[in-house]
Amino acid sequence: MQHPPSRRGFLALAAATGALAATPAFTATAAPRRPAEAPAADARHQLWWRAPADEHSLIRQGLPVGNGRLGALAGNDPGRELLLVTDATLWTGGRNDTLDADGQFPYGRDDFGSLTLLARLTVDLPDHDLSAVTGYRRTLDLAQGVVTTSYVRSGVTYRRQLFASRPDDVIVLHFSQSGGGRYTGTVTLAGTHGEHGTADSFAGSFAGGLRYGAAIAAHGSGGTVRTVGAGLEFTGCRELTVVLSGGTDYAPNPATHYRDPALDPRELARTKVRAAARTSAGALLRTHIADHRALFDRFGLSLGTSSAEQRALDTWERIQARARDNEPDLELEAAYVQFGRYLMIAGSRGSLPLGLQGPWLDGNDPDWMADYHTDINLQMNYWMADRTGLSPCFDALTDYCVAQLPSWTDLTARLFDDPRNRYRNSSGENAGWTVAISTNPYGGGGWWWHPAGNAWLCNSLFEHYEYTRSRAHLERIYPLLKGACEFWEARLLTHTLPDSGREVLIADSDWSPEHGPLDAKGITYAQELVHALFGNYRTAAAELGRDTAYARTVGALRDRLHLPAVSPTTGWLEEWMSPDNLGETTHRHLSPLVGLFPGDRIRPDGTTPAEVVAGATALLTARGMNSFGWANAWRALCWARLKNPEKAYRLIVNNLRPSTGGGNGTAPNLFDIYEVEPGRGIFQIDANFGTPTAVTEMLLYSRPGHLELLPALPAAWSAAGSLTGAGARGGFLVDLHWRDGTPTEVRIRSTGGTMASVGHAGTFRTVRVRPGEAVTLRDFGR
């Protein structure tokens with residue numbers, strides 16, 4: 001995450017085709033099938049709190065729900081339920097296809113644009129003041145995707161459920177009770193940009209042309225619901241259901257300026273809520289749970305059992321106790337992983353990908369515009385998907401990159417070699433595409449150019465292919481890989497190494513994110529990413545039978561690339577082709593270690609020169625063990641790759657420490673807090689995905705043809721545990737059980753892979769399995 005000055009679509013975006021046909025962001029859908037019965041709740045997957053959220057601190061205390069496009073934060077106060085609702089496509093700004101006098105892209109809310117709130121939904125219950133109730137409890141069920149609030153007032157137990165349904169494309173609030181109680185109050189829907197509407201809907205538009213709208217419907221039993229002034233009034237209802245939908249006319253099509261001109265967001269929202277209101281709340285809930293669990297249940301994790309004393313605490317109390325007592329809370333640690341998966345299911349399905357905050361805001365001025373950062377944050381958001389059974393959630397990133405490619409290619413052709421761009425190619429040649437450090441949904445860039453950003457995005461997209469072995473996915477991303485290679489073919493420079501006289505290829509002037517000189521050539525960050533890109537492209541071309549001659553050209557370029565050396569001065573892996581450290585010793589970014597993770601060119605298994613592994617280890621050590629959440633997650637992943645379980649675990653524990661006073665750590669609602677300046681912390685979602693990735697990487701390392709079990713198992717988790725449904729590169733799913741630090745059983749299911757070396761603690765076996773079948777191995781301790 002960078003530190004420039006901090007300035008404070010409806011439904012699924014269908015996979016963009018090669019021709020980028022206009023696809024409405026909010027579309028009508030057929031009525032979903034209603035499952036007969038919802039499965040029982042599992043206490044391991046339930047987070048709970050003894051008090052509602054402070055309305056003025058929903059980003060730290062509010063509970064998130066989402067359907068992959070719409071997201072909401074809920075306060076759960078008995079007398080005033082407040083939802084802050086976001087649509088992933090509700091962006092201000094536009095194409096942003098010019099450069100400032102200093103060669104940067106404009107980077108503000110009006111030009112580059114910002115993600116913003118769609119609506120505020122308030123349900124007021126005047127006679128349910130918190131002071132008048134007892135037995136208050138609110139629960140987030142991760143497995144079912146439901147927030148439940150319960151309390152007792154005047155001897156009556158009141159209950160409300162909140163969920164965001166993807167099949168019905170609505171957010172639902174259902175109020176019920178047992179004991180003869182009644183609900184009386186008001187429902188108010190309000191926009192956040194000064195819109196004027198009716199009691200049940202509103203519409204608006206931005207200067208850039210994006211149109212949006214939202215609508216609600218409410219119905220009750222045993223009482224009345226009517227329109228009064230600017231809201232809805234309900235009186236004497238035994239039960240009450242409030243349904244909300246909304247979105248924009250965004251479409252992933254640069255030919256129509258990323259709009260669907262035929263779509264009326266307000267009217268479609270009305271259609272959605274009316275359709276849902278004709279269905280019972282119970283049926284809506286069952287449909288939602290079935291859809292949510294179809295993804296959630298793909299993966300399981302047990303790290304051990306917590307104590308009865310730990311289980312008796314609510315979630316915020318457990319987070320504080322874990323830090324205070326330094327006592328492992330094994331079920332809490334596993335639940336943190338599942339919370340990350342919950343956020344992925346809720347925030348990345350069929351719409352734009354997850355940015356810096358996902359679809360959960362508390363205002364219209366998120367730091368860094370809640371954008372897509374291409375120098376770690378966007379990539380980290382998706383490291384977890386394939387590893388934890390959520391490969392379908394990765395598609396949002398693929399769809400985004402495919403849809404943006406024509407705009408990125410055009411920007412690169414017109415602006416990259418602009419004389420104001422400090423990173424332009426000194427050769428004067430230009431080809432292919434690249435991106436800026438920040439990107440928006442309209443094909444635009446923000447802040448500085450990021451030459452190696454194209455390679456990192458491509459490597460992430462290709463890694464998804466390694467997990468899924470989906471030829472269709474490979475065909476979709478092939479133009480991105482080839483265009484990135486063409487860019488680097490034009491950008492690489494020939495350099496003679498002074499010590500050996502050998503000619504190598506190095507990257508032109510660049511910045512090693514996000515510190516040090518701004519004009520260094522051959523930075524390790526770029527060299528490693530491009531080395532991986534060229535290798536991935538050659539594999540893709542061979543798999544698809546395309547561009548044989550060009551693949552040979554790229555292979556020859558790869559063979560000539562300079563790869564980093566170890567500094568004789570610091571003993572670290574060099575970051576800038578210099579023996580000296582030219583930046584901050586404990587800097588948050590691990591840019592020169594991308595070859596360790598997420599890449600795996602640097603391996604501590606004897607296939608990489610020992611001095612390179614030692615140099616990487618020394619650099620990682622120097623970076624320290626205490627940073628921002630995403631930086632700790634990246635450090636934990638690197639230590640896992642170096643098979644140092646206790647350091648990896650320490651960094652995970654660091655991220656679980658409670659955030660107080662705006663400091664780094666975990667908020668009461670488990671959101672990761674990033675301290676942007678002393679005393680002011682913001683929610684940034686990447687650590688909520690990066691930390692679970694580190695947990696899974698400690699339990700299973702994979703690359704095509706190679707699976708290593710429990711490579712970095714810490715003592716805290718060693719007694720007994722299991723990992724089920726974990727993805728492995730090469731096309732496998734793995735179920736793993738262990739006891740006393742040793743695997744007891746592993747079941748390997750093929751999703752396209754046929755052979756791999758599988759092992760633990762240096763002992764490996766060759767496993768052959770046909771696609772769709774599985775093999776089980778035991779006795780790893782012998």
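The backbone nitrogen of Ser 426 lies 2.7 Å from a polar atom of the side chain of Asp 508. Please bear in mind, as we proceed, that this is a predicted model.

Let us stay with Asp 508. Where along the chain is Asp 508 placed? Asp 508 belongs to the loop between strand 21, residues 503-506, and strand 22, residues 510-512. Asp 508 is buried, yet has no salt bridge. Lys 521 offers the nearest side chain of opposite charge, and that side chain is 4.0 Å away. If we leave aside neighbours within four places in sequence, the residues in contact with Asp 508 include Arg 424, Asn 425, Ser 426 and Ser 427, as well as Arg 491 and Leu 493. Ala 520 and Lys 521 are also among the contacts of Asp 508.

I turn now to the largest pocket. Its volume is about 730 Å³. The lining of the largest pocket comprises 34 residues. Which of these lie nearest the centre? They are Glu 466, Ala 532, Asn 536, Asp 600 and Arg 729. Helix 10, residues 453-468, and helix 12, residues 524-544, each supply at least two residues of this lining.

My last topic is Leu 313. Leu 313 sits in the loop between helix 4, residues 308-311, and helix 5, residues 315-325. Leu 313 is partly exposed, because its relative accessible area is 26%, and a residue counts as buried under 20% and as exposed over 50%. Not counting residues up to four places away in sequence, Leu 313 touches Trp 48, Arg 50, Arg 318 and Ala 321. Trp 48 and Leu 313 are 265 residues apart along the chain, and their C-alpha atoms are separated by 8.9 Å.

Terms used:
Residues are numbered from 1 along each chain as its sequence is written. This is a predicted model: local features need pLDDT of at least 70, side-chain atom pairs count only at pLDDT 80 or more; totals for chains, interfaces and linings use all residues. Side-chain values use heavy atoms; hydrogens and water are left out. Helices (H or I, at least four residues) and strands (E, at least two) are DSSP runs, numbered from the N terminus. Buried means under 20% relative accessible area, exposed over 50%, partly exposed in between (1.4 Å probe, protein chains only). Lys and Arg count as positive and Asp and Glu as negative; His and the chain ends are not counted. A polar contact is a pair of N or O atoms within 3.5 Å; within protein, one must be able to donate a hydrogen and the other to accept it, and residues adjacent in sequence count only if both atoms are side-chain atoms. Contact means heavy atoms within 4.5 Å. On a 1 Å grid over the protein atoms alone, a cavity is a set of points where a 1.4 Å probe fits but cannot get out, and a pocket is an open set with protein on both sides within 12 Å along at least five of seven lines; lining residues have an atom within 4 Å of a point. Grid points are joined across faces, edges and corners, and a volume is the space filled by probe spheres set on the points.
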